[in-house]
Amino acid sequence: MTLRLDAPAAAREHCAATRDKGTRWGFVPTMGALHEGHLALVRRAKRECGTVCVSVFVNPLQFNDPRDLERYPRDFEGDVRLLSSAGCDMVFTGTLEQFFPEAQGAPQAIRSVDPGPAALGLEGALRPGHFTGVATIVERLFDFVRPECAYFGAKDYQQTLVVRHVARVRGGPRIVVCPTERAPDGLALSSRNALLEPSWRERAPAIHRALLAAREAWRGESLRAAPELARRMHAVLAQSGLSVEYAALRDPEAWTEADPRGALSRAVALIAARAGGVRLIDNLRLDAE
Ligand code: AMP
């Protein structure tokens, strides 16, 4: 049975009381509408920490587009059922006011947390304020739960760099990044996939195919310059009808705001594209097995 708490303060008290008795918490922050990608994080946290808690909170601070926030899928009852079956020990939710009571209902009074240098470029450039919103809620969640380890998905690559920055500055928790879970046709699982109309759902796997094309070029032809690899991705995406926001390369060890120049010795390929009105992101390490 998963303990369900409807207020963050109750979760903080529960975590503190159990920690005093020796519980090591693994923590998976989510925005709900859970799928196998989230559950893979929960199972890994359970395996590695023994006790796992999940937060479900659609964080308004990280939405730069009010329409996106409004139509973001929500299904808390379904989430609780899935979490029970995945071995989650505790799930909690809450409102912005409950997470930041000191702001007294005025979101502009919430103290922003610096997301660090990885917030520059790509998602950070296209979604102003997004990573500040992520860093602010993640720090607050870490303060409430005080987990030993926190689990994040590689699908949100730039976010993992921001979260690592936040954890480094505050001195924990240990951040564990887990592989991206995909549908059989390669589309990365995402809560937003539920919003795709069938004809766009059919076209959306082009994002993964474009990433694979970049990896093939990386492996096959020693073709290791960012513009060339990006061209390969754009060629695949152009046939799909998706509206591409970026198809870009970055050095995974040294994040840069702009595209890296010259020959790359390591690379992650990243794509953001709209399928109908739905914005999808994905990425792939090109130099990994
Ligand atoms: P979200 O609910 O979209 O904020 O995601 C919560 C966590 O689940 C984040 O760390 C995501 O990176 C992770 N996640 C989302 N989709 C996937 C996926 N397909 N595979 C692995 N992790 C994922």
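Me: Leaving aside its neighbours within four places in sequence, which residues is E36 in contact with?
Reply: In this predicted model, E36 is in contact with R43, E181 and L189, once neighbours within four places in sequence are left aside.

Me: Where is E36 found?
Reply: E36 is found in helix α2.

Me: And is E36 buried, exposed or partly exposed?
Reply: E36 is partly exposed, because its relative accessible area is 39%, and the partly exposed class runs between 20% and 50%.

Me: How far apart are E36 and A183, in sequence and in space?
Reply: They are 147 residues apart in sequence, but their C-alpha atoms are 9.4 Å apart in space.

Me: OK, the ligand. How many residues surround the ligand, and which are the closest?
Reply: The ligand is surrounded by 17 residues. The closest are M31, H38, D156, E181 and L189.

Me: Which atom of the ligand is 2.9 Å from the side chain of H38?
Reply: An oxygen atom of the ligand, which is 2.9 Å from an N or O atom in that side chain of H38. At M31 the partner is in the backbone: a polar backbone atom there is 2.9 Å from an oxygen atom of the ligand. At L189 a backbone N or O atom lies 2.9 Å from a nitrogen atom of the ligand.

Me: How much of the ligand does the protein bury?
Reply: The protein buries 93% of the 490 Å² that the ligand exposes when taken alone.

Me: Which elements give two or more residues to the shell around the ligand?
Reply: Those are β2 (25–30), α2 (36–49) and β5 (149–153). The largest share, three residues, comes from α2.

Me: What classes of residue are in the shell?
Reply: Seven are nonpolar, seven are polar and three are charged.

Me: New topic. How many residues does helix α10 have, and what does it reach from first C-alpha to last?
Reply: Helix α10 covers residues 206–220, so 15 residues, and reaches 20 Å. That is close to the 21 Å expected at 1.5 Å a residue.

Me: Which residues of α10 are buried?
Reply: A206, I207, H208, A210, L211, A213, A214, R215, A217 and W218 are buried.

Me: What do the buried residues of α10 pack against?
Reply: They pack against helices α9 (198–203) and α11 (226–238), and against strands β8 (268–275) and β9 (278–285).

Me: Where is D282, then?
Reply: D282 is in strand β9. Leaving aside neighbours within four places in sequence, D282 is in contact with several residues, among them I207, H208 and L211, and those three are buried residues of α10.

Me: Is D282 buried or exposed?
Reply: D282 counts as buried, because its relative accessibility is 4%, and buried means under 20%.

Me: Which side chain does a polar contact of 2.8 Å join to the side chain of D282?
Reply: That of R182.

Me: Backbone now. Which residues have a positive phi of about 50° although they are not glycine?
Reply: A33 is one of them, and Q104 is another. Most residues other than glycine have a negative phi.

Me: Where are A33 and Q104 found?
Reply: A33 is in the loop between β2 and α2, and Q104 is in the loop between α5 (96–99) and α6 (123–126).

Me: Are A33 and Q104 buried or exposed?
Reply: A33 is buried, with a relative accessible area of 14%. Q104 counts as exposed, at 72% relative accessibility.

Me: Last one: is the peptide bond from G172 to P173 cis or trans?
Reply: The bond is cis, with omega near 0°, and P173 is in the loop between α8 (157–170) and β6 (174–178). Most peptide bonds are trans.

Terms used:
Residues numbered from 1 in each chain as written. Predicted model: local features only at pLDDT ≥ 70, side-chain atom pairs only at ≥ 80, totals over all residues. Heavy atoms only, no water. Near = heavy atom within 4 Å. Polar contact = N/O pair within 3.5 Å; in protein donor to acceptor, adjacent residues only side chain to side chain. Areas by Shrake-Rupley, 256 points an atom, 1.4 Å probe, with all protein chains shown as cover. Helix = DSSP H or I, 4+ residues; strand = E, 2+ residues; numbered from the N terminus. Nonpolar A, V, L, I, M, F, W, Y, C, P; charged D, E, K, R; others polar. Buried < 20%, exposed > 50% of the residue type's maximum accessible area, 1.4 Å probe, protein only. Contact = heavy atoms within 4.5 Å.
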